[in-house]
Amino acid sequence: MAKRGRKSKYETHIKPNLQLIQEMARTMTEKQIAESLGVSYTGAWSLYKQQYPELAESLKRGRQNLVAELRSALIKKAKGYEYTETKETTERVKWPPDMYAMLIDAGFTPQQIGEARLVKTEVAHKKTSPDVAAINLALKNYDKENWANDPQALELKKKELELRERQVENNEW
């Protein structure tokens, strides 16, 4: 027998917005996503994630995209990069008296002349230096075998691993 009554919020609020949820997962917490969709985070949201794998998958894909973007940003920051900075300023034009008279003669009103603005655009090409903290973090994550804050601790961990491997081989574990 079919269930009567109104549709669940999953059908009306979540399912039609799975792509949006994936995009939201890149910049928002799950609680913020649930609230923005009008769904109770402490109640329905957790239940929907368990009942509907497509919701969990949408969140997972969004987080994977975020992680990829963060990795890219970390590497960019670690290596340093070049960028262009554009600054626009607007200032009032001070007309020389003879130019002002020529504009009046050309048919411009004093109000139009007074509203004239000069827009200046400054373009600067800049470069950021590699960031030591980003380099350290990237190396600790991407080259764990060879990089640590404490090289002695890294060497001790390697020796401990070798010892445990020998114990496993000799059934001493």
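This is a conversation between a trainee and a mentor about a predicted model and the terms used to describe it.

Mentor: A word on the ground rules: the model is predicted, so local features need pLDDT of at least 70 and side-chain atom pairs count only at pLDDT 80 or more, while totals for chains, interfaces and linings use all residues. Residues are numbered from 1 along each chain as its sequence is written, and side-chain values use heavy atoms, with hydrogens and water left out.

Trainee: Why is Gln22 called buried?

Mentor: Buried means under 20% relative accessible area, exposed means over 50%, and partly exposed is in between (1.4 Å probe, protein chains only). Gln22 has a relative accessible area of 11%, so it is buried. Gln22 is found in helix α2; helices (H or I, at least four residues) and strands (E, at least two) are DSSP runs, numbered from the N terminus.

Trainee: What does Gln22 touch?

Mentor: Contact means heavy atoms within 4.5 Å. Leaving aside residues up to four places away in sequence, Gln22 touches Ser58, Arg61, Gly62 and Asn65. Ser58 and Gly62 are among the buried residues of α5.

Trainee: What makes Arg6 exposed?

Mentor: Its relative accessibility is 75%, so Arg6 counts as exposed. Arg6 sits in the segment before α1 (9-14).

Trainee: How do you know that the span of helix α5 agrees with its number of residues?

Mentor: The expected span of a helix is 1.5 Å times one less than its number of residues. For the 27 residues of α5 (residues 53-79) that gives 39 Å, and the end C-alpha atoms are 39 Å apart, so the two agree. Just after α5, Gly80 takes a positive phi of about 85°.

Trainee: Which helices do the buried residues of α5 pack against?

Mentor: They pack against α1, α2 (18-24), α3, α4 (41-51) and α8 (132-142).

Trainee: Why is the pair Lys49 and Glu30 called a salt bridge?

Mentor: A salt bridge is a side-chain nitrogen of Lys or Arg within 4 Å of a carboxyl oxygen of Asp or Glu. The side chains of Lys49 and Glu30 meet at 2.7 Å, N to O, so the pair fits that rule. Lys49 lies in helix α4 and Glu30 in helix α3, so the pair ties together parts that are 19 residues apart in sequence. Lys49 counts as partly exposed because its relative accessibility is 27%.

Trainee: How many salt bridges does this rule give?

Mentor: The count comes to six. One of them joins Lys126 and Glu85, with the closest N and O atoms 2.9 Å apart. Lys126 lies in strand β2 (residues 117-128) and Glu85 in strand β1 (residues 81-92), so this pair ties together parts that are 41 residues apart in sequence. Both ends are partly exposed, Lys126 at 33% and Glu85 at 37%.

Trainee: What makes the nonpolar surface patch?

Mentor: Trp95, Met99, Tyr100, Met102 and Ile104 make it, and its area is about 440 Å². Patches are made of residues with over 30% relative accessible area and no salt bridge; like charges are joined within 9 Å, and nonpolar side chains (Val, Leu, Ile, Met, Phe, Trp, Tyr) within 5 Å. Accessible areas come from the Shrake-Rupley method with a 1.4 Å probe, and for residues only the protein chains shown count as cover. Met99, in helix α6 (residues 97-105), has 35% relative accessibility, so it counts as partly exposed.
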